[in-house]
Amino acid sequence: MSEFLIAGGGVIGMMTALQLADAGRHVTLLERGECGREASWAGGGIVSPLYPWRYSAPISALSRYSEGAYPELSLRLLEETGIDPEYRQRGLLYLRVDDEPQALAWAREVGKPLERVGAETIYAKEPNAAPGFDSALWMPTLGSIRNPRLCKALRARLQAMPNVTLREHVEVEALDVADGHLRGVRTSAGHEAAERVVVCGGAWAGQLLAGIGVTLPVRPVRGQMILFKASPGLVERVVLKDGRYVIPRGDGRVVAGSTLEEVGFDQRTTETAKSSLYDSALSIVPALAECPVEHHWAGLRPGSPDGVPSIGAVPGIEGLWVNAGHYRNGLVLAPASTRLLVDQLLQRAPVVDPAPYRLGGV
């Protein structure tokens, strides 16, 4: 019997397993595919909500902790696995913001460096940005991480830890509950007993809990992205305009995203979205027209009301816990949300107030 069983091997599930293993606990992680290959793989890797001043206090609290955790985590994983998650802190340029006064007021309130800059600064920082912008907002401390590499590094680290059992291509089909107590899970490979189960199933978490009559307000929201094969230096930092962004990678490639589509569990890509993403990317950096689109993919985000995840014990079922519903900020919030969950599992003082994230508000 596992001390802790984690259902779902995305960035949330893997970071939960890592923190429990660091605390000396024995963990089994089950993933229906390969760890990190769903929404965690598909995102852009910006280590902040796109427009942080538009988010509620619960999301902001998690985001602030996570932003500070990523540099250390990235260095740790590089040292332990040899895989570089490519954390880069090069800042973000907002080329057009409709609610600029609110953004600047938020920055003053939370002590975040954010300033209005003119054309000279814009084109000094991004010479290939689209011409014609005479002002922008500049956030110098924003970082980004190459999330596929982060996922590979987390997976490699877990595989090397003796107190972690990582089982891929094993789907958790149902939760085994009797008389208000969790007994384990039923999987595609048979029954798995566990003292405590943590549901980290992303967009699929709601379906799993629905099987035992628990309502988790999580739904799939498709996001599509494209990748340009560009040369190093074409884009140096994250640039955002009208809700779309371009993100440079260390090898010069540029990610452009993303769409928000309510299409259920349909993970197919579409030519309409590809064309829209292409046009948005060129409106930010016109020189991308000379670069081939190397890849086009989609992922399913775990949408939730107001984007606030459910983190903590499932009421009425002893031994069942959940960490899901991060919407488009799963990677952004992962270090904090997993720390908060593990704090509760191990009865430690929580890193942030757990009340806003309780399932059902209880």
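Okay, let's start with the big sheet: eight strands make up an open sheet, and if you read across it the order is β4-β5-β3-β11-β12-β13-β10-β14, with mixed pairing. At the edges sit β4, residues 115–118, and β14, residues 293–303, each of which pairs on one side only. On average, neighbouring strands here are turned by 25° against each other, ignoring direction. Before I go on, please keep in mind that this is a predicted model.

A quick reminder for anyone new to sheets: strands pair through backbone hydrogen bonds, and they can do so parallel or antiparallel. One pair to look at in our sheet is β10, residues 219–228, with the edge strand β14: they run antiparallel and share ten bridges. If you want a spot to click on, take P220, which stands opposite P302 in β14.

Now, what lies across this sheet? Helix α4, residues 100–110, lies across β4 and β5, and runs at about 25° to β5, which is residues 135–139. Then there's helix α8, residues 271–284, lying across β3, β10, β11, β12, β13 and β14. The angle between α8 and β10 is about 55°.

Let's leave the sheet for a moment and go to a hairpin. Strand β7, residues 172–178, pairs with β8, residues 181–187, in the antiparallel sense, over six bridges. V177 has L182 in β8 as its bridge partner. Two residues sit between the strands of this hairpin, and D179 takes a positive phi there, near 55°.

That brings me to backbone oddities. Generally speaking, most residues other than glycine have a negative phi, and most peptide bonds are trans. Besides D179 in the hairpin, with its positive phi, have a look at E86: its phi is near 60°, again positive and again not a glycine. You'll find E86 in the loop between α3, residues 57–81, and β3. And which peptide bond is cis? The one from G257 to S258, with omega near -10°. S258 belongs to the loop that links β13 and α8, and that's the α8 we just saw lying across the sheet.

On to the empty spaces. How many cavities of 30 Å³ or more does the structure hold? Just one, and its volume is about 30 Å³. Its lining consists of R88, R90, G91, L142, G143, S144, E236, R237, V238 and P248. By type, those split into four charged, three polar and three nonpolar residues.

There are pockets too, and I'd like to show you the second largest, with about 330 Å³ of space. It has 14 lining residues, and the ones nearest its centre are Q19, Y65, A69, L73 and R76. Which helices contribute? α1 (11–22), α3 and α9 (330–345) each give at least two residues to the lining. Helix α3 provides the largest share, with five residues. The lining of this pocket counts eight nonpolar residues, five charged and one polar.

Last thing, the annotation. UniProt, in an unreviewed entry, places a feature called "domain: FAD dependent oxidoreductase" at residues 5–343. Within our model, that span is 32% helix and 28% strand, and its end C-alpha atoms lie 16 Å apart.

So, to pull out the main stops once more: the open sheet of eight strands, α4 and α8 lying across strands of it, the hairpin of β7 and β8, the cis bond from G257 to S258, and that pocket where α3 supplies the largest share of the lining. That's it from me, thanks!

Terms used
Residues numbered from 1 in each chain as written. Predicted model: local features only at pLDDT ≥ 70, side-chain atom pairs only at ≥ 80, totals over all residues. Heavy atoms only, no water. Pairing = 2+ DSSP bridges. Helix = DSSP H or I, 4+ residues; strand = E, 2+ residues; numbered from the N terminus. Axes fitted to C-alpha atoms, helices over the stretch in contact; angles between N-to-C directions. Contact = heavy atoms within 4.5 Å. UniProt positions renumbered as here; feature names shortened; annotations may be inferred. 1 Å grid on protein atoms, 1.4 Å probe; cavity = no way out; pocket = protein on both sides within 12 Å on 5 of 7 lines; lining within 4 Å. Points joined across faces, edges and corners; volume = space filled by probe spheres on them. Nonpolar A, V, L, I, M, F, W, Y, C, P; charged D, E, K, R; others polar.
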